[in-house]
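Work through the exercises below with the sequence and the 3D structure open beside you. Try each task before you read its solution.

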2 protein chains.
Amino acid sequence: MPLRTVGILSPGDMGHTVGKVLRGHGLNVIACTQGRSRRTQLLAQSAGIKPVPTYRQLVAESDLILSILVPAQAKAAAESIAEALGETKTELVYADCNAIAPQTVREIDGIISAAGGNFVDASIIGPPPKNKESTRFYASGGDLGIFRELSEFGLDIRPLGAEIGLASSIKMCYASLTKGLTALSTELLTAAESLGVSGALRSEFKLSQSALYERMQRSLPSMPPKSRRWIGEMEEISATFEHVGLTPKILAGAADMYRFVGDSHLADLTPEDAESYPTLEEMISALAEHLRKQDA
Amino acid sequence: MPLRTVGILSPGDMGHTVGKVLRGHGLNVIACTQGRSRRTQLLAQSAGIKPVPTYRQLVAESDLILSILVPAQAKAAAESIAEALGETKTELVYADCNAIAPQTVREIDGIISAAGGNFVDASIIGPPPKNKESTRFYASGGDLGIFRELSEFGLDIRPLGAEIGLASSIKMCYASLTKGLTALSTELLTAAESLGVSGALRSEFKLSQSALYERMQRSLPSMPPKSRRWIGEMEEISATFEHVGLTPKILAGAADMYRFVGDSHLADLTPEDAESYPTLEEMISALAEHLRKQDA
């Protein structure tokens, strides 16, 4: 069965960009955007993604559904699709591409498989895919046939094996480095500002940790608009590490940091506001101010 | 009063190297090594540090005492010196150079000042100082005169101001980056090994996070011999961040990681064993094995 129609759940920042790539390579791309934000509906429209009114129609028309959501929504979305799948009795491949713990992915596999769907554990490493070089789509599962076809439509697909959980595991470990380091950097710079040693610390970093400091300057200012949805991702990684017997605290603390940033007005910006993002110094100064207000 | 004699508490890895630099620049350097390990006594001897039998004699002969210890010993050491100072009624500058929270440093200031000593908050950033370029000695306090003279004897001294706590604060924030990142890296690589995605993760890191991965390869294998003494340092940073109103969890988790590594046989090596340090892959494989045994 050739791949013709892909359903995207949901066409947010990542989802609509993936849909746009698939559209650009000749696939039909559909989404059910009911209950989604106005912004998500506009993003879908801009990507040429066809709206369908119900999950039932999404399931009936799709050969493959890609679930691309915030972690907290992954299970409820799978349950909705499983319900629609039970009603339509169609064939469907459901790929959960979310940043969730492998033990949670195995639960979602159970939900989809029980409804007769073919489940794929997938994960996305890299930014929303502007080109094939920027972003990898890892996948694991017993039957990766349909999912692998995506590599003919502009995506870089990397199979990891038959075991459900492998694709999620690599995402958890990878994101713990990039987003964990960003959380740690944000915390220590905010602490330094509160303690009155920002200037001296900056000079010391430029002297002895210039690569890490340049990374902070490059990556921190664009983080606040993403901070709220990273809270759940950090909690999933924390649960993943705890499940193998390691400490959950580092990543639980990273979740705390994104909660703290998410509570500040900096988090009200969106990627469309990129030109008005603060500099690193402005951002840290605003967070230290936010901290003073919280303590007061 | 010109600086002539410096007392070192205690001449371990960092302390004996500092003493050696000061000796090499013509100062008398003394230490009371009673109750210290045989290794520390040998390190002191190799650095030309003169042993004295009691804290009382250390206080009587020193113009300046540098406290360079594991964090947990900093307060008890200051109490011993304060007691000896009360008995000898001499003039003394006491610089606490340890990696401890600013609120703890202020307590130690109280202990030394009450005994008539002149307290300096100091911190050391960089490896044991082989040369003046490698390592900075930050200092804060009301009278930095004697401490600043160390810059004429081979050390890079950087005054930060009059407030006790500033020198400790920069150390806390700096070490949270370097040792926090090392803890996070160790955790995620060990988790990846346990989850069966080590090889794929390594390839992904080489592709998209090569600078951070090279840092892991360079810095992780020499960490286990230092892991046990880093536990207390992570706890001090955790307390520092909590004190300003930020999450204590990231660094509390880093302490957990160093406790985990410190429990493994890898931590039995010393810097003298540098030639038999494992590669990064060997180290992570040993830690994953250590984790399996713990869980069993």
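**Exercise 1.** Decide whether A77(A) is buried or exposed, and find what surrounds it.

*Solution.* Begin with the accessibility: A77(A) has a relative accessibility of 6% and therefore counts as buried, where buried means under 20% relative accessible area, exposed over 50% and partly exposed in between, computed with a 1.4 Å probe on protein chains only. Next, place the residue: A77(A) belongs to helix α4 of chain A, residues 74-88, helices being DSSP runs of H or I with at least four residues and strands runs of E with at least two, numbered from the N terminus. Finally, look for contacts, that is, heavy atoms within 4.5 Å: if residues up to four places away in sequence are not counted, A77(A) touches L9(A), L69(A) and Y94(A).

Before going on, keep in mind that this is a predicted model, in which local features need pLDDT of at least 70 and side-chain atom pairs count only at pLDDT 80 or more, while totals for chains, interfaces and linings use all residues. Residues are numbered from 1 along each chain as its sequence is written, chains are lettered from A and ligands numbered from 1 in the order in which they are written, and side-chain values use heavy atoms, with hydrogens and water left out.

**Exercise 2.** Describe the contact between chain A and chain B.

*Solution.* First count the residues: chain A gives 55 residues to the contact, and chain B gives 55 residues. Then take the area, since the size of an interface is often given as the accessible area lost when the parts come together. Between chain A and chain B about 4,600 Å² is buried, 73% of it from carbon and sulfur atoms; this is the accessible area (1.4 Å probe) that two parts lose on being put together, summed over both. Now turn to the charged pairs: the rule finds four salt bridges across this interface, a salt bridge being a side-chain nitrogen of Lys or Arg within 4 Å of a carboxyl oxygen of Asp or Glu. One of them joins R136(A) to E204(B), with the closest N and O atoms 2.4 Å apart. As for the elements of chain A that touch chain B, the largest share, 20 residues, comes from α7(A).

**Exercise 3.** Work out which rotation superposes chain A on chain B.

*Solution.* Superpose the copies by least squares on the C-alpha atoms of residues with pLDDT of at least 70 in both; a rotation of 180° with 0.0 Å of shift along its axis then brings chain A onto chain B, with an RMSD of 0.0 Å. That is the relation of a two-fold axis. In chain A, the C-alpha nearest the axis belongs to I250(A), 2.0 Å from it. As a last step, compare the two sides: 100% of the interface residues of chain A are also interface residues in chain B, so the copies meet through the same surface.

**Exercise 4.** Examine the salt bridge between R259(B) and D256(B).

*Solution.* Start with the distance, which is 2.8 Å from N to O. Both R259(B) and D256(B) lie in helix α11 of chain B (residues 249-262), three residues apart, about one turn of the helix. Then compare their surroundings: R259(B) counts as partly exposed because its relative accessibility is 31%, whereas D256(B), with a relative accessible area of 19%, is buried.
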